[in-house]
Amino acid sequence: MPIRPELKALYPPNWPQLSRQVRFERAGGVCQRCGRPHGHHLQVLPGGRWKHPETGHWFNGRGRRISPPDLIEHLQMRQTKVVLAAAHLNHDPTSNRLRNLRALCQRCHLLHDRSYHLAQRQLTFRRRLALGDLFEGPYRSGVMPLGL
């Protein structure tokens, strides 16, 4: 997962090497929460269920083996490529102790940072409303602003 430019100064200069050590040397190239292997294209279902590309077994979002999906669930199947990232467990990018870092796939990383993403979403929504108020006047209930 790329580092946002405004947060880059919080990461140490050796972050690429540290991240690589966490993801591939310590975790062996698999997500430390669900077990998805890095770099593979997986068949996935809603709710985090996925099929292991080598064994063909199905796993849930926590990495526990489950029974295969039925025919109806196969209609919801899609394919995704797994990319591991080094995630900070305490959400602090300045805390780079190895015990604070985990190798997580993009799904597990998003779930781990869910509260942060929800807060950012709310800020973005409020910022858009404020800009609309500033340049187009206050929004009225049930009326779409011009230009949208």
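**Cysteines, strand E1 and overall composition**

No disulfides are present in the structure, which is a predicted model. Cysteine 31 takes part in no disulfide, and the cysteine sulfur nearest to that of cysteine 31 belongs to cysteine 108, at 3.7 Å. The pair is not counted as a disulfide because the cut-off is 2.5 Å. Cysteine 31 has a relative accessibility of 4% and therefore counts as buried. Cysteine 105 is likewise in no disulfide; for this residue too the nearest cysteine sulfur is that of cysteine 108, 3.7 Å away. With a relative accessibility of 0%, cysteine 105 is classed as buried, since the class takes in residues under 20%.

The mean pLDDT over the chain is 88, and 89% of the residues reach at least 70. Among the elements, strand E7 (residues 101-104) has the highest mean pLDDT, 96, whereas helix H4 (residues 114-136) has the lowest, 80.

Four helices and seven strands constitute the secondary structure of the chain. Read from the N terminus, their order is α-β-β-β-β-α-β-β-β-α-α.

Strand E1 (residues 41-44) presents two faces: Leu42 and Val44 lie on the covered face, and His41 and Gln43 on the uncovered one. E1 is paired with two strands, E5 and E2. The pairing with E5 (residues 78-81) is antiparallel and comprises four bridges. Within this pairing, glutamine 43, from the uncovered face of E1, has glutamine 79 of E5 as its bridge partner. The pairing with E2 (residues 50-51) is also antiparallel and comprises two bridges. Here valine 44, from the covered face, is bridged to tryptophan 50 of E2. E1 and E2 together make a hairpin in which five residues separate the two strands. The turn of this hairpin includes glycine 47, whose phi is positive, at about 85 degrees.

At the level of the whole chain, 29% of the 148 residues are buried; cysteine 31 and cysteine 105 are among the residues in this class. The exposed surface of the chain is about 10,300 Å², of which carbon and sulfur atoms contribute 56%. Of the contacts between residues at least 6 apart in sequence, 50% link residues separated by at least 24 positions.

Terms used. Residues numbered from 1 in each chain as written. Predicted model: local features only at pLDDT ≥ 70, side-chain atom pairs only at ≥ 80, totals over all residues. Heavy atoms only, no water. Buried < 20%, exposed > 50% of the residue type's maximum accessible area, 1.4 Å probe, protein only. pLDDT = per-residue confidence, 0-100. Pairing = 2+ DSSP bridges. Contact = heavy atoms within 4.5 Å. Areas by Shrake-Rupley, 256 points an atom, 1.4 Å probe, with all protein chains shown as cover.
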